[in-house]
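Hello,

Here is the structure I promised to pass on. Have a look when you get a moment, and my notes follow below.

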Amino acid sequence: MPDSHALRRERLRTAVAASEADAALITSLVNVRYLTGLASSNAALLLPADGPPVLVTDSRYLLAAERDCPDLTLLNARNVGPALADVARERGVRRLGFEAQEMTVARHAALAQPGDLELIPLGEMVEELRVTKDEEELALLARACAITGAAFDQVVSTIRAGMTERELATAIERAMVDSGAEKPAFDTIVASGPNGAIPHHAPGARRFEAGDMITIDCGARYGGYHADMTRTVVLGPPADWQRDIYALVAGAQQAGIGAAVPGAARDMIKAAGHGEHFGHGLGHGVGLEIHEAPQLGVAKPGTLGDRVPVTVEPGVYLPGIGGVRIEDTLVVRSGAGPAVPREVLTTTKTVTPGELLVLEP
């Protein structure tokens, strides 16, 4: 039975055969990993519409490629793109598809020499295939999310007045690695007090104070797959405005999860008078990258299909005062609609997204 990477290559081969290209040159390192299993800082894949694929990497990764990609023809070269362009010429390829979204002008010029190859942009052909995950991918993503939730639960009880944002971010990242993560999926965000109004605040030396709302955006990477989760807690008894904003965002998130369309959450926040305080999209796809297709936003209409993992992360940000964001990673099954099941992958025992966790200062 073909392995998952071989099945992914066959899906791409079908798409290439339906295009104007004779072969696809895959140079995005994330896409190379998706199609072959090789994690490398220097690799490329030639996938003809008809014929065996060729994977090229340099000597630093050759043994790993032999181990992880035993079904592929391997080539050892430092300049991976030109090396595969030469292979394409040897095989009689005339129209070579390339990934224009990541190809520099200089690398494109090197491929075109001596000019006998017609280079055709593929569009985001592989990225479109990556939107729908196979069960192997979903299992890795679920494990990344479980690690994230466990690390958060382990650390949240240690939050006290006087701790800095940076200290909390470091503690969460350490807990994720100790729980089995390869590394954090991204730089952990900890935004306290007025810093909570900055959606992607970099944690600094600010010390937590009684009355602070603290937004924590974190995720583990496992098997190359990225989790993404945000929780907002309050240190000490919350003010009325904090309870109100939290309840609004929690309700908007549940509406977004239930509908799996951006408008449901945004309309609720707008109706409460905070439309201008929710400036980013509702969510995004996750997988081998922390932000990948599909993007959920008012300018991105559409229906989500089966086995598509996305985040749902509404927020309200009040400049100079603070903010709330609640985010979960979930998997949509069999198209959007109220009756379609959504499996929420990021769960925490200490915090239920619908209820504001009040910590002792």
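By polar contact I mean a pair of N or O atoms within 3.5 Å; within protein, one must be able to donate a hydrogen and the other to accept it, and residues adjacent in sequence count only if both atoms are side-chain atoms. One such contact, of 2.9 Å, links the side chains of glutamate 313 and threonine 311.

Before going further: this is a predicted model, where local features need pLDDT of at least 70 and side-chain atom pairs count only at pLDDT 80 or more, while totals for chains, interfaces and linings use all residues. Numbering runs from 1 along each chain as its sequence is written, and side-chain values use heavy atoms, with hydrogens and water left out.

Back to glutamate 313, which sits in the loop between strand 15 (308-312) and strand 16 (315-318); strands are DSSP runs of E, at least two residues, and helices are runs of H or I, at least four, numbered from the N terminus. Glutamate 313 is buried (under 20% relative accessible area, 1.4 Å probe, protein chains only). Even so, glutamate 313 has no salt bridge (a side-chain nitrogen of Lys or Arg within 4 Å of a carboxyl oxygen of Asp or Glu). The nearest side chain of opposite charge, arginine 325, is 4.1 Å away (Lys and Arg count as positive, Asp and Glu as negative; His and the chain ends are not counted).

As for the whole chain, 54% of its 361 residues count as buried, and its secondary structure comes to 10 helices and 20 strands. The C-alpha atoms fill a box of roughly 70 × 40 × 40 Å along the principal axes.

Best wishes

Methods. Buried means under 20% relative accessible area, exposed over 50%, partly exposed in between (1.4 Å probe, protein chains only).
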